[in-house]
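Good morning, and thank you for making time for this item. I should like to take you through the ligand sites and the spaces around them.

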Amino acid sequence: MEHMKFISASQVKNVLTFESLIPQMEKALAKFSDKKVVQPVRSVIPVKESGGFFGLMPSLCSEDNVLATKLVSFYPNNKDVPTHNAVIAMFNASNGVPEVIVDGEVITAMRTAAVSAVATKFLCNKNPKVLALLGSGVQARSHYQALSTLYTFEEIRVWGRTKANVDSLASELNGTACHTAEDAVKGADVIVTVTSSTVPILKKEWVKPGAHINAVGACRPDWQEIDPELMRSVSLFVDSRDAALTESGDVILSKADIEAEVGEVILGKNGGRKTATEVTLFKSLGNNFCEKSEYI
Ligand SMILES: NC(=O)C1=CN([C@@H]2O[C@H](COP(=O)(O)OP(=O)(O)OC[C@H]3O[C@@H](n4cnc5c(N)ncnc54)[C@H](O)[C@@H]3O)[C@@H](O)[C@H]2O)C=CC1
Ligand SMILES: O=C(O)C1=NCCCC1
């Protein structure tokens with residue numbers, strides 16, 4: 001333990017780029033669906049007093065000699081400190097010796113958006129032009145950055161609960177602040193739901209044929225962001241079937257059928273989008289698997 005390293009959030013920020021992370025996440029999703037990674041569904045303890053949650057996310061990839069766990073808290077009611085906080089502890093898989101603790105806040109923001117970018121790359125129609133962000137927090141910003149690494153959008157629309165945040169994000173992204181989620185979504189090619197809402201905020205009738213949706217919030221079995229009718233009408237892809245069937249209120253309560261894991265699409269085991277007019281939806285729950293990088 002004498003030589004254990006600590007990598008801070010600012011150190012992570014200085015070295016991590018979406019250009020490198022998106023291809024890494026593509027490999028990781030494929031390895032997960034190829035059963036090369038042991039990753040039980042996250043255990044979560046609700047912290048009732050504060051409306052928060054504490055999650056434990058262990059994983060082992062023997063092939064890469066990686067044994068790690070992320071410890072993440074999400075406290076949606078936080079005001080003056082971030083709503084999501086995390087640390088990642090990495091161990092040597094051969095001898096069990098802990099090697100490094102990494103701050104997980106920036107990684108969570110960037111990893112989640114990079115995974116959505118991979119899903120979008122494999123499921124979206126070609127040349128999407130209009131991006132709608134529902135939510136104006138950390139993930140809205142990181143999803144814009146990740147998706148802009150892959151695409152040049154002609155129009156960015158932002159909707160959220162807090163007008164000041166929506167206005168400020170829209171102006172930062174040179175986008176349009178929308179008064180309603182419907183205004184943001186109508187005609188959008190890519191829709192990202194990144195709110196802490198526990199009830200549906202995206203309705204079926206607003207979504208244009210052929211759109212792709214990244215549904216990122218609502219990571220509790222009794223929470224929803226997506227209209228159940230919409231869930232049942234889309235081609236539904238997930239990061240992990242087990243996680244989706246355990247943690248996603250959008251999947252569990254709608255009883256929507258899961259078409260495949262995105263990793264299976266990457267591996268060529270599923271063809272992904274079948275027609276230009278179907279709506280594809282990626283339900284993200286979060287993962288914690290990685291390769292050791294040169295930074296560690
Ligand atoms: N799938 C995954 O891997 C991950 C999912 N998440 C989830 O993504 C969502 C966004 O996370 P962050 O941007 O980090 O959080 P944040 O706290 O920075 O932003 C949350 C946003 O949701 C909005 N919001 C809250 N309640 C709402 C409501 N009832 N209706 C509409 N908007 C509402 C807030 O105004 C804010 O814009 C959360 O649900 C979070 O738990 C976060 C990290 C990873
Ligand atoms: O993967 C993660 O990290 C998280 N997923 C769901 C919400 C909290 C953080």
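Let me begin at ligand 2, where strand E4 provides the largest share of the surrounding shell, three residues. Helices (H or I, at least four residues) and strands (E, at least two) are DSSP runs, numbered from the N terminus. A residue belongs to the shell if one of its heavy atoms lies within 4 Å of the molecule.

Before going further, two remarks on conventions. This is a predicted model, in which local features need pLDDT of at least 70 and side-chain atom pairs count only at pLDDT 80 or more, while totals for chains, interfaces and linings use all residues. Residues are numbered from 1 along each chain as its sequence is written, chains are lettered from A and ligands numbered from 1 in the order in which they are written, and side-chain values use heavy atoms, with hydrogens and water left out.

Which residues surround ligand 2? They are Arg42, Met57, Lys70, Val72, Phe74, His84, Thr108, Arg111, Cys219, Leu285 and Gly286. By class, that shell has five nonpolar, three polar and three charged residues. Here Ala, Val, Leu, Ile, Met, Phe, Trp, Tyr, Cys and Pro count as nonpolar, Asp, Glu, Lys and Arg as charged, and the others, Gly among them, as polar.

Next, the polar contacts, meaning pairs of N or O atoms within 3.5 Å. The side chain of Arg42 places an N or O atom 2.9 Å from a nitrogen atom of ligand 2. For Lys70, the side-chain partner is an oxygen atom of ligand 2, at 2.7 Å. Arg111 likewise has a side-chain N or O atom 2.9 Å from an oxygen atom of ligand 2. On its own, ligand 2 has 260 Å² of accessible area, and the protein covers 92% of that; these areas come from the Shrake-Rupley method with a 1.4 Å probe. Strand E4 (66–74) and helix H3 (105–123) are the elements that give two or more residues to the shell.

I turn now to ligand 1. It is surrounded by 23 residues, the closest being Thr83, His84, Gln139, Thr195 and Ser284. Arg111 appears again here, with a side-chain N or O atom 3.3 Å from an oxygen atom of ligand 1. A polar backbone atom of Gln139 is 2.8 Å from an oxygen atom of ligand 1, and a polar side-chain atom of Ser284 lies 2.9 Å from a nitrogen atom of the ligand. The protein covers 87% of the 860 Å² of accessible area that ligand 1 has on its own. In its shell, seven residues are nonpolar, 14 polar and two charged, and the largest share, three residues, comes from H3.

Where does ligand 1 sit? Ligand 1 occupies the largest pocket, and the space taken by ligand 2 is the largest pocket as well. A molecule sits in a pocket if more than half of its atoms lie within 2 Å of its grid points. On a 1 Å grid over the protein atoms alone, a pocket is an open set with protein on both sides within 12 Å along at least five of seven lines, whereas a cavity is a set of points where a 1.4 Å probe fits but cannot get out; lining residues have an atom within 4 Å of a point.

The largest pocket has a volume of about 1600 Å³, a volume being the space filled by probe spheres set on the points, which are joined across faces, edges and corners. Its lining comprises 50 residues, with Thr83, His84, Gly137, Val138 and Ser196 nearest its centre. H3 gives the largest share of that lining, seven residues.

Finally, there is one cavity of 30 Å³ or more. The largest cavity holds about 90 Å³ of space. Among its 13 lining residues, Gln39, Pro40, Val41, Arg42 and Gly286 are closest to the centre.

Key:
Polar contact = N/O pair within 3.5 Å; in protein donor to acceptor, adjacent residues only side chain to side chain.
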